[in-house]
Structures are given as C-alpha cells and as structure tokens.
Amino acid sequence: MKRIKKYTREQVAYMLVRPPQYADIKLPVPITAKTVKERRKNVLARMQKFHVDVLFIYADREHGANFSYLTGFEPRFEEAVLVLHIDGTAYLMLGNEMLSMEQFCRIPARAIHVPHFSLPNQPMLQEKKMEEYLEKAGIKKGMQVGVVGWKLFTCIFTENEQIYDVPHFLIDALERKVTSQGSLRNLTKLFIDPCNGVRVTVNANELAYYEFGAAVASDCVMTCLEQIEVGKTELTLAEPLAAYGQPVNVQTICATGERFTDGVIAPRNKPTVRGDRFSVTMGLRGGLTSRAAYVANGTDDLPVSERGYFEYGAKPYFAALATWYATIGLDITAGELYDAIESVLPKEQYGWMLNPGHLTSSEEWLSSPFFAGSDIRLTSGMMLQADIIPRASAFGRAGAEDGIALADKELRDQLKEQYPQVWDRICRRRTYMQEVLGISLKEEVLPLSDLAGYYRPFLLNKQFAFKMEEKV
C-alpha cells in the first residue's frame with residue numbers, strides 16, 4: 001500500500017526546539033577499487049545496450065563528474081576527454097598540466113597530449129589537427145560514438161541526441177572523423193538519466209563517500225546560522241562556509257537584504273539589518289544545505305508589508321517540506337510526490353516553478369525525476385534533495401534544502417556493517433527528525449544532512465523553530 005502523508009499549515013507549531021547536534025567530527029571515505037571496477041562494468045554494459053562503439057566523455061573545471069566517475073579526478077583548470085571503447089580500452093586526452101594525472105587514473109588508460117586543452121598562450125608546439133588526436137584515441141570512420149557532456153536535454157520539439165554541450169571544435173572534428181558510415185549522438189543520459197542512468201543510484205561505499213560532503217556542508221551552514229546578529233556583514237557570516245579545502249559544487253551564498261545587487265552573487269561587505277531577508281547556501285560533493293528566512297526575532301521585526309510571511313509563507317512551506325520527507329520512499333513514483341507537494345503548496349498560489357526535488361551526487365543537481373505525471377519509480381540507492389522554492393511576491397521566501405538517500409534493507413545493512421560511524425549519524429538524524437521535529441519517516445529514508453527538517457523562520461531567535469504536531 002502506498003503511503004502518502006500530507007501535513008497542513010494548522011499542524012505547524014513554532015516553539016522551543018532543541019537544535020540538532022552537529023559538532024561531531026566527520027572524516028572522508030575513499031571510493032574503493034571495487035566500486036570503480038563496478039562502475040566501469042556498468043558503463044560498458046550500458047554501451048552495449050545503446051549500441052555504441054566508443055564514449056567520448058568531456059570534462060572541464062565545472063563539468064567533470066561523468067569523467068571522474070571512472071578516472072577518479074576532475075580537471076583543475078583545463079579541459080579533458082576520456083575515450084572509452086566497448087572492449088574496455090581507454091584513452092585520456094589531456095592538456096599540458098594534466099598529463100601527470102595518467103598515473104593516478106582509477107581505470108587503465110593511456111594518455112594523449114592534446115595542447116588544445118591547455119590554458120591560453122601555453123605552448124602548443126606539438127599541435128596537430130584534432131582529427132589526428134582522435135585517431136590516436138582509436139576513433140575511426142564508421143564508428144558509433146556517444147558524446148557525454150553534463151546536460152540532459154529534454155526539449156519537446158528538438159532531437160535531443162543531436163544537441164551537444166561540448167565545445168564546437170571537438171564536435172566538428174568528431175563529425176568529420178566518424179560520419180558517413182558512422183554516427184554521433186549525445187549519450188549523457190547513459191550516466192544521469194533519472195530513470196536508468198548509471199550514476200543515479202549508489203552503493204554503500206559511494207553513499208558513505210557522499211555523506212561526508214553533505215554532512216560537512218550542513219555543519220558549515222549551521223555555524224553560520226548560529227552567528228547571525230544584526231550588524232554583522234555577509235563576509236563575516238560567510239567565514240564558516242568553507243571546509244578542509246573541499247571543492248564546492250555551487251556558488252556559496254550568504255546574502256542579506258536584497259540579493260545579488262549589481263550582479264554580485266558572492267558575499268559582500270554588507271551588514272545585516274533587523275528585518276532583512278537572508279539566505280545562505282553551501283554545497284559540497286554529495287549534498288547542499290540552504291536556508292532562507294528573516295533576520296528577526298519575530299513578526300514585529302518585519303516590514304509591515306511583509307508580516308504575512310510567518311502565517312502564509314513560512315508555515316505552509318514547512319508543511320510542504322515535512323510532507324516531502326514523510327512521503328518520499330520506495331513505494332511511490334516521483335509523480336506522486338510531485339502531486340503531494342502540489343496539494344499542500346499549490347503552485348498557482350505559491351509560484352514555485354522548478355522541480356520540488358532532484359537527484360544529487362558530485363553535482364548539486366544531477367537530474368530530476370520529479371515532474372508532473374512522472375512515472376519514474378524511486379529506487380534504492382537514489383540520493384535526493386528537497387528543493388521546493390516558493391516565489392510569493394508579498395514577502396521573502398522560506399527555504400530549507402537538504403539531502404537524503406533511499407536505501408532498502410540490503411543497502412542499509414551494508415552501510416551499517418561497513419561504515420558504522422556514518423550509520424550512527426544517519427540514525428541520530430532520523431531520531432531527531434521524528435522525535436524532536438515530529439516528521440514521520442519511512443525506514444528507507446536516510447538523512448545525509450544534520451539539518452534535514454530543521455527550520456528557523458526567524459534567525460535571531462535561535463531557540464525556537466518549527467515542528468509538526470498531529471491534529472488533536
């Protein structure tokens with residue numbers, strides 16, 4: 001029997017709530033050789049399914065996750081390509097400053113120096129035509145080639161497999177090299193399609209690896225929230241929004257008042273003012289935590305025109321957020337969760353436009369199964385982020401984004417046995433959400449963030465937060 005649980009605004013209580021404990025030390029978990037071998041096997045199997053001879057997997061500084069899924073590393077500032085043949089032969093096309101990474105690649109691969117991928121004005125003394133580099137990587141006329149960028153195109157009136165988010169100089173060379181008898185098509189879906197992409201589910205090792213990033217990001221955001229005071233600048237409050245030199249997967253945001261004035265998205269030397277709208281966001285590999293609320297002790301601190309925020313913005317939002325956590329599970333489709341959010345927080349009234357959640361991974365947004373009418377069934381191993389963004393114009397939006405994983409009994413048992421510290425943190429979060437915040441969770445729902453479900457609508461009142469109460 002499907003379990004769709006909906007909360008209402010009337011069940012939202014604003015009261016003294018013990019904040020989550022977030023001071024424990026998290027340590028990174030490495031991806032194992034066994035996991036990399038499993039990934040390679042899965043990718044090669046999908047290549048057979050899609051009838052391609054070779055994958056051409058592009059990467060740059062911002063879009064390297066499909067590439068690193070097999071290689072273990074991403075470009076630091078250059079571009080790179082992994083060429084993977086159906087027989088398992090692999091080539092790394094690398095620029096000047098990445099050639100040394102050949103020795104660290106997690107799968108057997110031979111490096112090919114491609115100066116085109118180097119930084120502007122660096123030496124290109126060995127330059128050849130791009131077709132010659134493709135030839136060295138084993139790409140020949142007549143081959144069926146799948147191009148992998150980072151974007152999943154789902155346009156209605158376009159042939160999506162003929163749209164490429166890879167530099168033109170590469171697509172142009174590939175077309176000249178393989179076409180006539182061969183073919184070229186976008187196969188990014190092999191990696192990130194929300195229904196059957198190889199990266200949309202994780203094993204216990206990957207889950208523990210990604211939990212580190214999600215947990216640390218939530219720690220950093222909580223530290224920021226605890227330090228909010230009138231007069232402190234965005235720069236000061238943003239100081240905790242970095243950890244251990246780990247790379248962020250979104251632009252860090254710490255903004256008070258009107259956001260992004262003059263096109264500046266990063267934190268500024270701007271002091272907080274009582275009654276300001278405030279938002280903070282930080283994402284690491286594995287998860288993002290975000291909060292949006294007011295720098296206030298209560299409604300009286302808000303501008304008169306925005307005092308409907310608490311009753312008609314924040315409380316309905318929290319009811320929808322609690323519904324998201326209570327409804328998500330292995331026994332529903334993504335479309336059913338979409339409908340549950342629509343019924344609690346109607347889009348026409350609250351103005352949310354995007355998907356009310358998505359898959360997450362090394363990227364903050366991998367892809368999303370959550371859209372109207374989606375029949376994609378949620379499966380064990382999915383990592384998902386609550387991401388409901390209302391845009392009611394009368395007042396500042398409420399917002400609380402965090403990630404969870406879905407895990408059947410087998411995956412939960414593996415996680416408990418192999419990574420007991422990760423498992424203990426997850427159990428603590430589940431207990432907190434259910435016993436302190438009053439949010440019901442299915443047994444397969446594993447919170448990856450220490451702040452999952454925790455929301456303060458007024459950021460100067462650090463003792464009070466929302467919780468759910470059953471109707472009397």
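## A walk across two sheets

Start with the open sheet of six strands: the order is β5-β4-β3-β2-β6-β7, and the pairing is mixed. What you have on screen is a predicted model. Now pick out β5 (110-113) and β7 (183-186), the edge strands; each has a single partner strand, so one side of each is left without a neighbour in the sheet. If you step across the strands, the twist averages 20° from one to the next.

Next, select residues 90-94. That's strand β4, joined to β5 by four bridges, with the two running parallel. For a spot to zoom in on, try L94, which sits opposite H113 in β5.

Now add the helices. Show residues 33-49 for α1, which packs on this sheet and touches β2 (54-59) and β3 (80-85). The direction of α1 makes about 70° with that of β3. Then show residues 168-178: this is α4, also packed on the sheet, with contacts to β2, β3, β6 (144-148) and β7. Compare directions here too, and you get about 145° between α4 and β7.

Time for the other sheet. Four strands make up this open one, in the order β8-β9-β10-β13, and the pairing is antiparallel. Colour β8 (253-256) and β13 (399-401) to mark the edges; each has a single partner strand, so one side of each lacks a neighbour in the sheet. Neighbouring strands here are turned by 5° against each other on average, ignoring direction.

Last stop: select 277-284 and 287-294. These are β9 and β10, an antiparallel pair held over eight bridges. Zoom in on S279 and you'll find A292 of β10 opposite.

Key. Residues are numbered from 1 along each chain as its sequence is written. This is a predicted model: local features need pLDDT of at least 70, side-chain atom pairs count only at pLDDT 80 or more; totals for chains, interfaces and linings use all residues. Side-chain values use heavy atoms; hydrogens and water are left out. Two strands pair if DSSP finds at least two bridges between them. Axes are lines fitted to C-alpha atoms, for helices over the stretch in contact, and angles run from 0 to 180 degrees between N-to-C directions. Contact means heavy atoms within 4.5 Å.
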